[in-house]
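These are my notebook entries on one protein model, written down in the order in which I looked things up.

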Amino acid sequence: MLDKEKDFEYYVYIKSIEANCYRDMKEYDKALEIFRGLVEEINDNNNPLLGFLYTNIGEIYMEKNDFEKSMEYLNEAEKIRRKEDKNLLSHTLIEKANLYIKMGLYKEARSLLEEGIEISYRNKDMEYIVKGSYLLAEVYKKLGNKQAIIETYKRLANILQKKIKNILHFYFLML
């Protein structure tokens, strides 16, 4: 039903859903095959979709505990997103920080998380604000910084409280 040539971006996202289903079933090689196939179909090395695909590939390698390959792909994703897709750069930075955490590189993770969370706040990207904040609290725990953990959770609680108030206000207006 989808014209692949005309709606290529949607095609990539649909195939990515398929790849992530395989990933969730721990069929990593099948997921990588799909993602790599999508990368091959993109002729422009600056296409923002590559940042999305490379981030996903990096995450799969992270799950396979191949940290070197994961870092390679996440670095490529970061380069592309810093140049072509700054709004979604936060996703790559937070995933790369997650890799640093798994590698025990907490200071490197902290700086990436701080940048990624800040971008997420600017874009009102709640999913990555929450994900990044939890990872940042984990990093502060590893670094033994209790005050920073408290501040991270306070900031997160404030944003979630505002979000909940907005939702309740909306439902109240609907009554």
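Before I looked at single residues I fixed my terms: a residue counts as buried under 20% relative accessible area, as exposed over 50%, and as partly exposed in between. With that in hand I looked up Tyr153, whose relative accessible area is 37%, so I entered it as partly exposed. I also noted at the start that I am reading a predicted model.

**Entry: the whole chain**

I went through the secondary structure of the protein chain and found 8 helices and 0 strands, which read along the sequence as α-α-α-α-α-α-α-α. I then looked up the extent of the chain, and its C-alpha atoms fill a box of roughly 50 × 45 × 35 Å along the principal axes. Of the 175 residues, 42% count as buried, and the accessible surface comes to about 10,700 Å², with 52% of that surface belonging to carbon and sulfur atoms. Among the contacts with a separation of 6 or more, 53% are between residues 24 or more positions apart. For the charges I wrote down 29 positive and 30 negative side chains, and the centres of the two sets lie 8 Å apart.

**Entry: aromatic rings**

How many aromatic pairs does the structure hold? I found 5 of them. The rings of Phe8 and Tyr11 have their centres 5.8 Å apart and their planes at 35°, so I recorded this pair as tilted. Phe8 and Tyr11 are 3 residues apart in helix 1 (residues 8-24), which means that about one helical turn separates them. Both Phe8 and Tyr11 are buried.

I turned next to Tyr134 and Tyr153, whose ring centres are 6.0 Å apart; their planes stand at 65°, so the pair is edge-to-face. Because Tyr134 lies in helix 7 (residues 126-143) and Tyr153 in helix 8 (residues 146-174), the pair ties together parts that are 19 residues apart in sequence. Tyr134 has a relative accessibility of 45% and therefore counts as partly exposed, and I had already entered Tyr153 as partly exposed.

I also found that ring pairs link Tyr54, Tyr61 and Tyr73 into a cluster. A ring can have a charge over it as well: the charged end of Arg155 sits over the ring of Tyr121, 4.0 Å from the ring centre.

**Entry: two charged residues looked up one by one**

Is Lys96 buried or exposed? I found a relative accessible area of 6%, which is under the 20% limit, so Lys96 is buried. Lys96 has its place in helix 5, and, leaving aside neighbours within four places in sequence, Lys96 is in contact with Met71, Leu74, Asn75, Glu78 and Leu112. I also looked up Leu113, which is 17 residues from Lys96 along the chain, and the C-alpha atoms of these two residues are separated by 8.8 Å.

Where is the place of Asp85? I located Asp85 in the loop between helix 4 (67-84) and helix 5 (89-102). Asp85 has a relative accessible area of 16%, so this residue too is entered as buried. Not counting residues up to four places away in sequence, Asp85 touches Pro48 and Ile80.

Conventions:
Residues numbered from 1 in each chain as written. Predicted model: local features only at pLDDT ≥ 70, side-chain atom pairs only at ≥ 80, totals over all residues. Heavy atoms only, no water. Helix = DSSP H or I, 4+ residues; strand = E, 2+ residues; numbered from the N terminus. Buried < 20%, exposed > 50% of the residue type's maximum accessible area, 1.4 Å probe, protein only. Contact = heavy atoms within 4.5 Å. Areas by Shrake-Rupley, 256 points an atom, 1.4 Å probe, with all protein chains shown as cover. Lys, Arg positive; Asp, Glu negative; His and termini not counted. Charge placed at Lys NZ, Arg CZ, Asp CG, Glu CD. Phe/Tyr/Trp six-rings, centres within 6.5 Å; stacked < 30°, edge-to-face > 60°. Lys NZ or Arg CZ within 6 Å of the ring centre and 35° of its normal.
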